[in-house]
Amino acid sequence: MAVIGASADPNSGKNPRKDLQIAIAGDLHGQWDGLDEELLGLLRPDALMVVGDLSDGDQLIAARLGRLALPMACVLGNHDAGRDASGRTLQRQLSLLGDRHCGWGLRCLDPPGLAVVGGRPASAGGGFRLNPGALAVFGPVTMQESADRITAAALAADPGLPMVLLAHCGPSGLGSTCADPCGRDWKKPAVDWGDQDLTVAIERIRRHRPLPLVVFGHMHHRLKRGQGERLSFLRDRAGTAYLNSACVPRHGNDDQGRALRHFSWVVLRDGQLHQASHRWYGMGGQLLYEQRLYQQPAPEVQVAAPAPC
Ligand SMILES: [Fe+2]
């Protein structure tokens with residue numbers, strides 16, 4: 001983790017070209033309160049994304065997120081179903097979030113001009129497994145139908161808008177060791193625990209339009225049984241970046257006793273991923289720690305050849 005100088009406003013010195021600054025809250029697991037909202041008021045991102053597992057079915061955080069004025073999009077996770085196979089716990093949170101929840105759907109944020117497409121709600125990963133609560137709410141859905149829904153939502157977006165695919169669990173295909181972005185770490189053998197419907201949808205979407213970024217959580221950064229830290233960022237040959245934002249717990253303190261709040265943070269420039277990082281902020285908005293995951297290379301400067309003499 002790199003320690004950087006304090007800065008009250010990450011947007012200061014912003015490039016004159018329009019950058020989209022996106023804050024991403026990884027799995028909350030109960031850690032969201034008024035101080036997070038005050039911090040966002042200081043940081044002023046263009047949009048907020050929440051990858052689900054707000055709690056274990058409590059309605060309080062969904063209600064708070066549903067009242068946020070900031071442009072935001074959310075997909076609920078497996079914990080949000082609260083072990084309630086009737087689906088009522090999940091449905092209550094869906095109602096509180098309203099159109100902020102974009103599972104299997106398209107949410108256009110305007111401002112700032114961003115298309116967010118949601119993956120399958122309440123996914124627990126593992127290829128394709130429908131959560132019982134989600135089954136009660138949404139009915140039976142096959143893997144292909146789920147991929148079709150995600151793809152259709154993406155293709156309905158204005159092709160001129162940059163797009164982010166937001167899911168609770170990431171796609172399969174990102175590796176099968178326990179430390180890969182969706183690798184199973186709580187049980188041996190380590191396997192690829194990503195979602196297959198999301199992988200199919202990504203491949204289909206990219207036949208029609210660019211997809212610069214897929215954001216998800218579910219697979220926590222700190223691996224079980226002391227196996228170290230998860231790889232939380234990858235970029236494939238087609239130029240799609242995959243960001244696992246599940247830093248859990250996202251509230252903490254550093255060794256100086258300062259309170260910290262985690263957000264993953266991405267900058268999109270001209271529809272492309274420009275920068276990605278994990279950030280830990282102090283309560284006054286100071287950026288205290290940053291783990292830089294990606295920085296778009298600076299464009300090559302064309303130097304004129306010397307005139308022949
Ligand atoms: Fe989860």
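Helices (H or I, at least four residues) and strands (E, at least two) are DSSP runs, numbered from the N terminus. What you have open is a predicted model, in which local features need pLDDT of at least 70 and side-chain atom pairs count only at pLDDT 80 or more, while totals for chains, interfaces and linings use all residues. Residues are numbered from 1 along each chain as its sequence is written.

**First stop: strand 8**

Select residues 213-217, which make up strand 8, and colour them apart from the rest. Five of the five residues in this strand are buried, a residue being buried if 20 or more other C-beta atoms lie within 10 Å of its own, exposed if 12 or fewer, and partly exposed in between, with C-beta atoms placed from the backbone. If you show the side chains, Leu213, Val215 and Gly217 point one way from the strand, whereas Val214 and Phe216 point the other way.

Next, add strand 7 (163-169) to the selection. Strands 7 and 8 pair in the parallel sense over four bridges, where two strands count as paired if DSSP finds at least two bridges between them. One place to look is Val164, whose bridge partner in strand 8 is Leu213. Now bring in helix 6 (196-205), which together with strand 7 and strand 8 makes a right-handed β-α-β unit. A crossover is right-handed if, with the strands pointing away from the viewer, the path from the first strand over the helix to the second runs clockwise, and you can turn the view to follow that path.

Then select strand 10 (241-244), which pairs with strand 8 in the parallel sense, again over four bridges. Here Val215 stands opposite Leu243.

**Second stop: strands 12, 13 and 14**

Move on to strand 13 (residues 272-281), which is mostly covered, since seven of its 10 residues are buried. Strand 12 (residues 259-269) pairs with strand 13 in the antiparallel sense over nine bridges, and Leu268 stands opposite Leu273. The hairpin of strand 12 and strand 13 has two residues between the strands, and Asp270 takes a positive phi near 50° in this hairpin.

Strand 14 (residues 287-295) also runs antiparallel to strand 13, to which seven bridges join it; Ser277 has Arg292 as its bridge partner in strand 14. Between strand 13 and strand 14 the hairpin has five residues, and Gly285 in the turn has a positive phi of about 95°.

**Third stop: backbone angles in the loops**

Most residues other than glycine have a negative phi, and most peptide bonds are trans. With that in mind, select Arg83, in the loop between strand 4 (72-74) and helix 3 (88-97), where phi is positive and near 55°. Is Arg83 buried or exposed? Arg83 is exposed, with 12 other C-beta atoms within 10 Å.

Go next to Arg225, in the loop between strand 8 and strand 9 (233-235). Its phi, too, is positive and near 55°, and with 10 C-beta neighbours inside 10 Å, Arg225 counts as exposed.

Finish with two peptide bonds. Which residues does a cis peptide bond join in the loop between strand 7 and helix 6? Lys188 and Pro189 are joined in this way, with omega about 0°, and Pro189 is found in that loop. The other one joins Val248 and Pro249, where omega is also about 0°, and Pro249 is found in the loop between strand 10 and strand 11 (251-253).
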